[in-house]
Amino acid sequence: MTTTPVAPDAAVPGTRREQILATAAELFAHRGFNGVSINDIGAAVGISGPALYRHFPSKDAVLGEMLLGISRSLLTEGSQRRRAAASPSDLLPSLIEAHVEFALSQPALITVYNRDIASLGEDDQREVRRLQRAYVEIWVGAIRDAVPGTDEQHARSAAHATFGLINSTPHSARIDRAEMAELLTRMATAALLTPGTLPRA
């Protein structure tokens, strides 16, 4: 995880717009944003390149909506889980669970984000960063609640390090999905909650 508003049909599962985004993510992940043309995307979803312009004004807009979409989705899920947590100590395990599910279900998007975010326009990059900061702050609060005495700087660094661990799925997911989810969850939990890992003020 453009600033252009998402069209109404983008939220409906199985729409052509969603198919284009999912297909483009796979193509970008394998060949890079600059190695894929509008015609390539159109051919992969069974339409002509020019017909794709009925759904997106440009290839840049496809990338923008793709990365903004995952950033919004993570923030929305994190915010919902924060509201739903029965107690402060329940939030961190819930966030780990959600992020593991995201990473296992969207490895192509992780690859595209890591490699091609610099291809976004300035406005889109700025918005992605804003959404990411808000998501990170949910984690910072959860980590500080789970490990009392942890300062903001260490909690923020720990959150980013945990994302790196969980987001390794494009390379690390080599076992059954359920086993991989369990492995990532155990590793992330141990990294954050093992006594002495995070310094206390």
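What follows is a short back-and-forth on a predicted model and the labels its residues get.

It is a predicted model, so local features need pLDDT of at least 70 and side-chain atom pairs count only at pLDDT 80 or more, while totals for chains, interfaces and linings use all residues. Residues are numbered from 1 along each chain as its sequence is written, and side-chain values use heavy atoms, with hydrogens and water left out.

Me: Why is Tyr 135 called buried?
Reply: Buried means under 20% relative accessible area, exposed over 50%, partly exposed in between (1.4 Å probe, protein chains only). Tyr 135 comes in at 5%, so it counts as buried.

Me: And what makes Phe 163 buried?
Reply: Its relative accessible area is 9%, so that label fits Phe 163 too.

Me: How many aromatic pairs are there?
Reply: Four. Rings of Phe, Tyr and Trp (its six-membered ring) pair if their centres lie within 6.5 Å; planes under 30 degrees apart count as stacked, over 60 as edge-to-face and the rest as tilted.

Me: Why is the pair of Tyr 135 and Phe 163 called stacked?
Reply: The ring centres are 5.5 Å apart and the planes sit at 15°, so the pair is stacked. Tyr 135 is in helix H7 and Phe 163 in helix H8, so this pair ties together parts 28 residues apart in sequence.

Me: What kind of pair do Trp 139 and Phe 163 form?
Reply: Edge-to-face, at 5.1 Å centre to centre with 85° between the planes. Ring pairs link Tyr 135, Trp 139 and Phe 163 into a cluster.

Technical notes: Helices (H or I, at least four residues) and strands (E, at least two) are DSSP runs, numbered from the N terminus.
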